[in-house]
Amino acid sequence: MRLNLIKFDSFDGILGADYHKEQTNFRLWSPIATKASVKLYPDGEPTSAKSKIITMEKFAQGVWSTVCAGDLKNVYYTYVVTIDNIEYEAVDPYAKAAGVNGKRGMVVDLAATNPAGWEGDLSPDFAHPTDAVIYELHIRDFSISEHSGMVYKGKYLAFTEENTESPTGLKTGIAHLCDLGVTHVHLLPCFDFISVDEAKLEQNAYNWGYDPGNYNLPEGSYATDPHHGSVRITEFKKMVQSLHKNGLRVVMDVVYNHTGRTEDSDFEKLVPNYYYRKNKAGNFMDGSGCGNETASERSMVRKFMIDSLVYWATEYHIDGFRFDLMALHDIETMNAIRDALFRVNPSILLYGEGWTGQKSGLPDSKQASKKNVRQLKDIAVFSDDIRNAVKGGVFEASNRGFVSGNFRAKKNLLLKWEPSQTVVYASCHDNLALWDKLKASCPAANEKELIAMNKLSALLVLTSQGIPFFQAGEEFARTKFGDENSYKSPDSTNRLSWERKAEYAGLYEYYRGLIAIRKAHPAFRLRTFDEIRTGLFVLPSPPSVFAYALNDSSGSFIVALNAGKKMNKITLPSSGWHVLVNQEKASVAPIDEIGDHILVMPPQSGFILQKK
Ligand code: CA
C-alpha cells in the first residue's frame, strides 16, 4: 500500500524544530505515516533511554505538527513514525543541532550559539567569479601536523589561531593563507558525516566525509566537544568569522547527491520510496557509486536542498558551495538553488562536478552536467579537459599532459566556454596529488625537473581564464606518497606537512607571485568568452611551446611556456617588454626586461611579459 505522494509534496512552509523561548514547534513531512510523535531526550547519547513522547497531529499536505510549551533549549529529540504498521525512529532531516554522532537531533537556540561580534561578521568584498582563487582544504589536514604551530589540531578552532609558525619560523595556518593570497577557502565536507566515530576521537580516524549523516549541522569530530549540540555550531561560526576577518571567503563542499546510509537512512524511514531514485524493481539506483542517489527532481527533495543551502548561507554566512557529483542533480533544481541563494547573497560562488559517479536514473538531458552547462545560470563546472591537458589523465598514473611532455595536449589548454562557468585546476583531493602525478608519469625526472613542471602547471592554472582552483599544499609540492584515494588514509598521508614550505620555498614564492599578478591585472580574469575571443591570440610557436598574447584595457601581456627539454625561441608581436615571470620567479614588480622582439626560453620554463 502506497499513497500517491505527488499529491502531498507541495508543502512549502517551515519544517523541523522551530525554537522559541516559550514553545517549540515541531513539523515533519511524512504523508505516508499513520502515526507520528516527537520523542524528547535529556541528552544526545544514543545509549541513554529516558524519554518523553509527544503525539503529533496530521495536517494538510502530509505535514505532522505539534507545539511543545516551555523552554526546550538543548533538549534532544527524534521522530517516531508508523508506516505499514511498523514503527521507525529517525533523526529529523531538518535537525539544526545534534548529539554525538548525530544520533539525536537537538532543539537549539541559534542566537545563543553566536560568537561575540557575529552580528558584525561580513564577507570580504568579491565582485566576480573569475576574481576567485580557490584553495581546496580538508579541515583536519590543515592543522593536524605536529609542525603546524597550531594548538587546536584537527579542529574548527585552528582557523582562529593567528600568527602561527612552522619550526623554521615560516607562516602556517591562516597567516599562510593570507600570505599566499587566495580568496576562497573551499572546505571538504564539514556538515555532519557518519564515517568518523565522534565518541572515539582518540582513535584519530580520518575521512574526507563524503558520507552525509545530517545535512544541516556541522561535523562533530572537528569540534572540541561533539557531545553537546551547540559547541560545534559556535566553533564552526568562529572559524567562518576568523576567515572573513582575514579577508578569506568560505566555500562548503556539499554532498546532496547521496546519503551515507541507504535502506536505514532517515529519509527512507520517514517517507519510504520518495527521496531516492529507484528502478522499476524497487531497488536503489546508484549513480553516486555510494549505494544510492537522491531524487532532486522531486519537489520535497528540491525543497530540502534549497532550505539547507539557504540555511548555511544565512545562519553560517557561507560564501559559496561546491556540489559533489552535480550531474546527479537536475538542471531545474540547480537553477532554483541559484535563484534562492542569489536572493540571500548575489556574490555567492557556485560550482560543481559536472559528472556522475556511475550511471544515474536521471536522464542525461536533465543532468546538471558539464555537457549541459549552457542551461545552468551562474553555476560553474570543473574542467577535466584542461586538467588532463595540463598534467595528464587521472585514470592512468603514467598518462602525461603538456607540462610533462605530451605536447599534443596543447590544443586543450584553452577555455571553451564562459570563464565564469569554468573551474580550472590541475589537482584536487581526488586522484594523485600534482607532485605525485608528475613523479609517477615522469619516473626519470629529477627534483629540479619536477619543480619546473610543477611551476609550468601553476602558471597555466593561475593565468588561465576561468576560475582557478588548487588543492591545499600544492604550493609546497604536497605529496601523499602516491596514494591516489586517501579518503580514509591516516594523517601521516593526508596532513599538510608544513616543513615542506621551507624545503620548497622557491615554489611557494612562485605561486604567491602568480596569484599577486592575477589579482593585479584584470586581463588574466576576463569576465566573458567574447572578451577572450577578442583579447587572446595564440602565437605561432614550436610544438613544445604554448604561447599567447593577451590584450585588454589594462595592458598587453605575453604568456609563454616551453615544456620541452631544449631551449626554444619565439617571436614576440613587438619589442619592449617587462618580465614578470621567468623560470625562477613570479612577481608583480618587473624582474627583468626584453628590449627586442625575441623571447629565449630555457628548457621547461614559463614566462609572463608585460608590454612596457
Ligand atoms: Ca559525524
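What volume does the second largest pocket have? The second largest pocket has a volume of about 370 Å³, and we will come back to its walls below. First, a word on what you are looking at. This is a predicted model, in which local features need pLDDT of at least 70, side-chain atom pairs count only at pLDDT 80 or more, and totals for chains, interfaces and linings use all residues. Residues are numbered from 1 along each chain as its sequence is written, and side-chain values use heavy atoms, with hydrogens and water left out.

Let us start at the calcium ion. Its donors (N, O and S atoms within 2.8 Å of a metal, or 3.2 Å for Na, K and Ca; water is not among the atoms, so sites may look incomplete) come from Asp 192 (OD), Phe 193 (O), Glu 198 (OE) and Glu 219 (OE), at 2.2 to 2.4 Å. Along the chain these donors follow the spacing D-F-x4-E-x20-E. Asp 192 sits in strand β12 (residues 191-193) and Glu 219 in the loop between β13 (212-218) and α3 (229-245), so this pair ties together parts that are 27 residues apart in sequence. Helices (H or I, at least four residues) and strands (E, at least two) are DSSP runs, numbered from the N terminus. Asp 192 is buried, with a relative accessible area of 1%, and Glu 219 is buried too, at 0%. Here buried means under 20% relative accessible area, exposed over 50%, and partly exposed in between (1.4 Å probe, protein chains only).

Asp 192 also leads us to the salt bridges, of which the structure holds 33. A salt bridge is a side-chain nitrogen of Lys or Arg within 4 Å of a carboxyl oxygen of Asp or Glu. Asp 192 meets Arg 232 in one of them, at 3.9 Å from N to O. That pair links strand β12 with helix α3, 40 residues apart, and Arg 232 is buried at 0% relative accessibility.

Helix α3 takes part in another bridge, between Lys 245 and Glu 162, with the closest N and O atoms 3.0 Å apart. Glu 162 belongs to the loop between α1 (139-143) and α2 (173-180), so the pair ties together parts that are 83 residues apart in sequence. Lys 245 is exposed at 63% relative accessibility, while Glu 162 is partly exposed at 33%. Elsewhere, Lys 171, Asp 179, Glu 509 and Arg 512 are linked in a network of salt bridges.

Now follow helix α5 (residues 299-315). Its 17 residues reach 23 Å from first C-alpha to last, close to the 24 Å expected at 1.5 Å a residue; the expected span is 1.5 Å times one less than the number of residues. Of those 17 residues, 13 are buried, so α5 is largely enclosed by the rest of the structure. After α5 comes His 317, whose phi is positive, near 60°.

Finally, the pockets. About 760 Å³ of space lies in the largest pocket. Among its 31 lining residues, the closest to the centre are Asp 324, Leu 325, Glu 353, Trp 355 and Asp 430. Back at the second largest pocket, 16 residues form the lining, and Lys 448, Ala 452, Gln 583, Pro 603 and Gln 604 are the closest to its centre. Helix α9 gives the most to this lining, with 6 residues. A pocket is an open set of points on a 1 Å grid over the protein atoms alone, where a 1.4 Å probe fits, with protein on both sides within 12 Å along at least five of seven lines; lining residues have an atom within 4 Å of a point. Grid points are joined across faces, edges and corners, and a volume is the space filled by probe spheres set on the points.
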